[in-house]
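This report follows one chain from a single residue outwards, through the pairing of its strands, to the chain as a whole. Please read it alongside the sequence and the structure.

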Amino acid sequence: MRASLIQIAVNEDESVNERRERVSSLVREQAGSADLVVLPELWTTGAFAYELFADEAEPLEGPTFEVMAKAAREAGVWLHAGSIPERDPEGPLYNTALVFSPDGELAVAYRKIHRFGFDKGEAVLMSAGEELVTVRLPETVMGVSTCYDLRFPELYRGLVDRGAETLVVSAGWPERRRGHWSLLARARAVENQAFVLACGSAGTHAGVPQAGHSVVVDPWGEVLGEAGAGEEVLRVEFDPAKVGVTRDQFPALKDRLLGLEAPRRR
């Protein structure tokens, strides 16, 4: 399976509409060289541009949906189109990831469950999603997650329980915590015996330098490819069958003990 992770740089001098068109061109350029294309989190606005979320929020089937659906169809690829600030018809905002099939149809949408910011930013401006999301591709079952989700291993266990073999993370991860990004991507791969495709962004979002360094990790924790800090396309070929082989050869997931109670203090 061939994957292209497009590490978008957000330039504040570029309008959202200009960026949509530029990114759609980058997606179309993957035609014939990729089966799956992945974009970063909130690339229309920048993940830390909190003041833009409300103004640039769009309905699920809004401008970004239309441009990305067309790009997926013209490129003939599965497209994880990153995430958008989605405005629900009833009013709340969500950080929502969109996945399109090669015919341009929406396969799944995922509303980010873990919102970053503690008592500010995304954590107070956006509502939390409630559902784990997987999608079946011809070659693999893909689990969908977004940025801060990467810190919560129980989410990925839930995706594995739903059949996930490839875990995709779309992110706007800051440079100052880049070490965590690389470490957690490998940890999620090893503990779940799954491929991890983690696509970050480049540039500076509202004064926050981005980590870049998108990465693809195999079920043994080996890095198959890693991007640098700037905008680039990371292309990696991997064999989804390796997940089954790894889980058979080293069946650690079968030894999971569920429902254990915490030890009582004496």
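Leaving aside its neighbours within four places in sequence, Ser-4 is in contact with Gln-30, Ala-34, Leu-36, Val-37, Val-38, Val-233, Leu-234 and Arg-235. The model in which these contacts occur is a predicted one. Ser-4 belongs to strand E1, which covers residues 2–7, and the residue is buried, because its relative accessible area of 0% falls under the 20% cut-off for that class.

One of the contacts of Ser-4, Val-37, leads on to the pairing of strands E3 and E4, where Val-37 has Leu-79 in E4 as its bridge partner. Strand E3 (residues 36–38) and E4 run parallel and are joined by three bridges. E4 itself, made up of residues 78–87, is mostly covered, with nine of its 10 residues buried. E4 also pairs with strand E5 (residues 93–100), here in the antiparallel sense and over seven bridges, and Leu-79, the bridge partner of Val-37, stands opposite Phe-100 in E5. Both senses of pairing are to be expected in general, as strands of a sheet pair through backbone hydrogen bonds, either parallel or antiparallel.

The hairpin of E4 and E5 has five residues between the strands, and within this hairpin Gly-91 takes a positive phi near 120°. A hairpin is also formed by strands E13 and E14, again with five residues between the strands, and in that hairpin Gly-221 takes a positive phi near 90°. Strand E13 (residues 215–217) and strand E14 (residues 223–226) run antiparallel and are joined by three bridges, with Gly-225 in E14 as the bridge partner of Val-216.

The strand pairs with stated bridge counts are set out below.

| Strand pair | Sense | Bridges |
|---|---|---|
| E2 and E11 | parallel | two |
| E3 and E4 | parallel | three |
| E4 and E5 | antiparallel | seven |
| E13 and E14 | antiparallel | three |

The pair of E2 and E11 is part of an open sheet of three strands, which has the order E2-E11-E12 and mixed pairing. Strand E2 (9–10) and strand E12 (208–209) stand at the edges of this sheet, each with a single partner strand, so one side of each is left without a neighbour in the sheet. Strand E11 comprises residues 202–205, and its Gly-203 stands opposite Val-10.

Gly-203 also serves as a reference point for a separation across the chain, since its C-alpha atom lies 35 Å from that of Ala-241, although the two residues are 38 residues apart along the chain. Ala-241 is found in helix H7, which covers residues 241–249, and is partly exposed, with a relative accessible area of 47%.

Taken over the whole chain, the secondary structure comes to seven helices and 15 strands. The radius of gyration is 18 Å, close to the 18 Å that the globule rule gives for 266 residues, so the chain is as compact as a globular protein of that length. The C-alpha trace spans about 55 × 50 × 35 Å along its principal axes, and 55% of the 266 residues count as buried. Of the contacts with a separation of 6 or more, 67% are accounted for by residues 24 or more positions apart.

The accessible surface comes to about 11900 Å², of which 49% belongs to carbon and sulfur atoms. The chain holds 29 positive and 41 negative charges, and the mean positions of these two sets are 7 Å apart.

Terms used:
Residues are numbered from 1 along each chain as its sequence is written. This is a predicted model: local features need pLDDT of at least 70, side-chain atom pairs count only at pLDDT 80 or more; totals for chains, interfaces and linings use all residues. Side-chain values use heavy atoms; hydrogens and water are left out. Helices (H or I, at least four residues) and strands (E, at least two) are DSSP runs, numbered from the N terminus. The radius of gyration is taken over C-alpha atoms; the globule rule is 2.2 Å times the number of residues to the power 0.38. Buried means under 20% relative accessible area, exposed over 50%, partly exposed in between (1.4 Å probe, protein chains only). Contact means heavy atoms within 4.5 Å. Accessible areas come from the Shrake-Rupley method with a 1.4 Å probe; for residues, only the protein chains shown count as cover. Lys and Arg count as positive and Asp and Glu as negative; His and the chain ends are not counted. The place of a charge is taken as NZ of Lys, CZ of Arg, CG of Asp or CD of Glu. Two strands pair if DSSP finds at least two bridges between them.
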